[in-house]
Amino acid sequence: MKEPEWKIPDRLQPQPERYDFDLEDALRAVVAIKTTVPSDAFTAPLLGTERAGNGVLISKKGLVLTIGYLVTEAETVWMTTAAGVVQGHVLAIDQPTGFALVQALGRLDLPALELGDSSTIEAGTEALFAGAGGRTHSVKVEVIGRRPFAGYWEYLVDRPFFTGPAHPFWGGGALIGQDGKLLGVGSLVVQQSTPEGEQVDLNMVVPVELLTPILDDLLRQGRSSMPPRPWLGVYCAENEGHVFVQRLSPGGPADKAGIRVGDRIVAVGDVEVGDLISLWRSIWARGTAGTVIPLRLSRARAMIDAAVTSSDRTRFFKGPKLH
């Protein structure tokens, strides 16, 4: 796999003398990941058929933690280190957190990062955001804050990290604490307004405190033992206290129920919603996958009631090939 064509400026790169752990060993635990996805895969239109990012070795047995969208429906997975390229197999993807586990099918011969206690980390903490490639691909960052993040694709994390400056190759990157332990995995780049009105880029990082309670389940059965959440197949946006349907998954529950792009979702049952956080929480509070979700919609100045029979999102995905 071709090395990413980026390099962190020297002033932002971590310097070994600043840390009480072996910096080079910690950074070597981050590998490059490249996947290919079939063109007819459910996620191909939105995420593409070729995806690239990072992963973090968390066990010397070849277990790599990454972010789920990189490997969802992946037909092939390749991990690149300084020593070469190793094929991988997707072991598990957890939709609620966004984490994924990949098992290396060959010897990685790299140091592994121990999982840290991310729950104690708050705003103002310094850390490293590491991409594959060592110091030149790693950034000294600060935790700017922790607050709920709601994604338009039916996703919500209560206390992710927001770190800056933003890493330019964030997907699956490692957030490493001052003790050399893994605090989280990079998911997105988001924009935040400063008090002066300037837009700055930050990374959203999923904390490992969400992984530890489900890790055994993921290793044993490929998913959490918690019942799957109800999924509607809607992509929504919020604007000035209103939530609108921007896109529908073709053939998904909302599509089949007659929901339309442009509909404003006013309420879930008798619970009014004005943002993505309240929307997703209200839907998930109705029960598990398969539950009928009552929606109150505003369409062309008319109020419409719709009943959407939810589903398990993963039923629409292609499973990984066996090796």
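Buried residues account for 50% of the 323 residues in the chain, and the model under view is a predicted one. Colouring the whole chain by relative accessible area is therefore a suitable opening, since a residue counts as buried under 20% and as exposed over 50%.

**The whole chain**

Keep the full chain selected and display it as a cartoon. Five helices and 20 strands make up its secondary structure. Along the principal axes, the C-alpha atoms fill a box of roughly 65 × 55 × 35 Å. The radius of gyration is 20 Å, which agrees with the value near 20 Å expected of a compact globule with 323 residues.

Next, add a surface. The accessible surface comes to about 15100 Å², and carbon and sulfur atoms hold 50% of that area. With the charged side chains shown, 32 positive and 37 negative charges appear, and the mean positions of these two sets lie 6 Å apart. A contact map would complete the overview: of the contacts between residues at least 6 apart in sequence, 61% join residues at least 24 apart.

**The nonpolar cores**

Hide the surface and select Val-64, Leu-65, Leu-101, Leu-113, Ala-174, Ile-176 and Leu-182. These residues have the most contacts inside the largest nonpolar core, which has 54 residues. Then highlight strand β6, residues 99-104, which gives five residues to this core and contributes the most to it. In soluble globular proteins, nonpolar side chains tend to be buried together.

Centre the view on Val-64. Beyond its sequence neighbours up to four places away, Val-64 touches Val-31, Ile-33, Gly-55, Val-56, Leu-57, Met-79, Ala-100, Leu-101, Val-102 and Leu-108.

For the other core, select Cys-236, Trp-280, Leu-297 and Ala-306. They are included in a second, separate core of 23 residues.

**The cis peptide bond**

Select Gly-164 and Pro-165 and inspect the backbone between them. The peptide bond joining Gly-164 to Pro-165 is cis, with omega near 0°. Pro-165 sits in the loop that runs between β11 (161-164) and β12 (174-176).

**The β19–β20 loop**

Move to Ala-300, in the loop between β19 (292-299) and β20 (302-309). Its phi is near 50°, a positive value in a residue other than glycine. Ala-300 has a relative accessible area of 76% and is therefore exposed.

Extend the selection to Arg-301, which lies in the loop between β19 and β20. Phi of Arg-301 is near 70°, again positive in a residue other than glycine. Arg-301 counts as exposed because its relative accessibility is 87%.

**Strands β17 and β18**

Select Val-266 in strand β17, residues 264-268. At a relative accessible area of 16%, Val-266 is buried. Setting aside neighbours within four places in sequence, Val-266 is in contact with Val-271, Glu-272, Val-273, Arg-296, Leu-297, Ser-298 and Met-303. A distance monitor from Val-266 to Asp-305, 39 residues apart along the chain, should read 10.0 Å between C-alpha atoms.

From Val-266, step to its contact Glu-272, which belongs to strand β18, residues 271-272. Is Glu-272 buried or exposed? Glu-272 is exposed, with a relative accessible area of 69%. Apart from neighbours within four places in sequence, Glu-272 is in contact with Val-266 and Ala-267. Its C-alpha atom lies 8.7 Å from that of Arg-296, and the two residues are 24 apart in sequence.

**Two further glutamates**

Select Glu-75, located in the loop between β3 (63-67) and β4 (76-81). A relative accessibility of 32% makes Glu-75 partly exposed. Add Gly-319 to the selection: Glu-75 and Gly-319 are 244 residues apart along the chain, and their C-alpha atoms are separated by 8.6 Å.

Finish at Glu-24 in helix α1, residues 23-28. Glu-24 counts as partly exposed, with 36% relative accessibility. Which residues does Glu-24 touch, not counting those up to four places away in sequence? They are Pro-16 and Arg-135. As a last distance, take Glu-24 to Asp-179: these residues are 155 apart along the chain, with 14 Å between their C-alpha atoms.

Notes. Residues numbered from 1 in each chain as written. Predicted model: local features only at pLDDT ≥ 70, side-chain atom pairs only at ≥ 80, totals over all residues. Heavy atoms only, no water. Helix = DSSP H or I, 4+ residues; strand = E, 2+ residues; numbered from the N terminus. Rg over C-alpha atoms; globule rule 2.2 N^0.38 Å. Buried < 20%, exposed > 50% of the residue type's maximum accessible area, 1.4 Å probe, protein only. Contact = heavy atoms within 4.5 Å. Areas by Shrake-Rupley, 256 points an atom, 1.4 Å probe, with all protein chains shown as cover. Lys, Arg positive; Asp, Glu negative; His and termini not counted. Charge placed at Lys NZ, Arg CZ, Asp CG, Glu CD. Core = buried A, V, L, I, M, F, W, Y, C linked by side-chain atoms within 4.5 Å.
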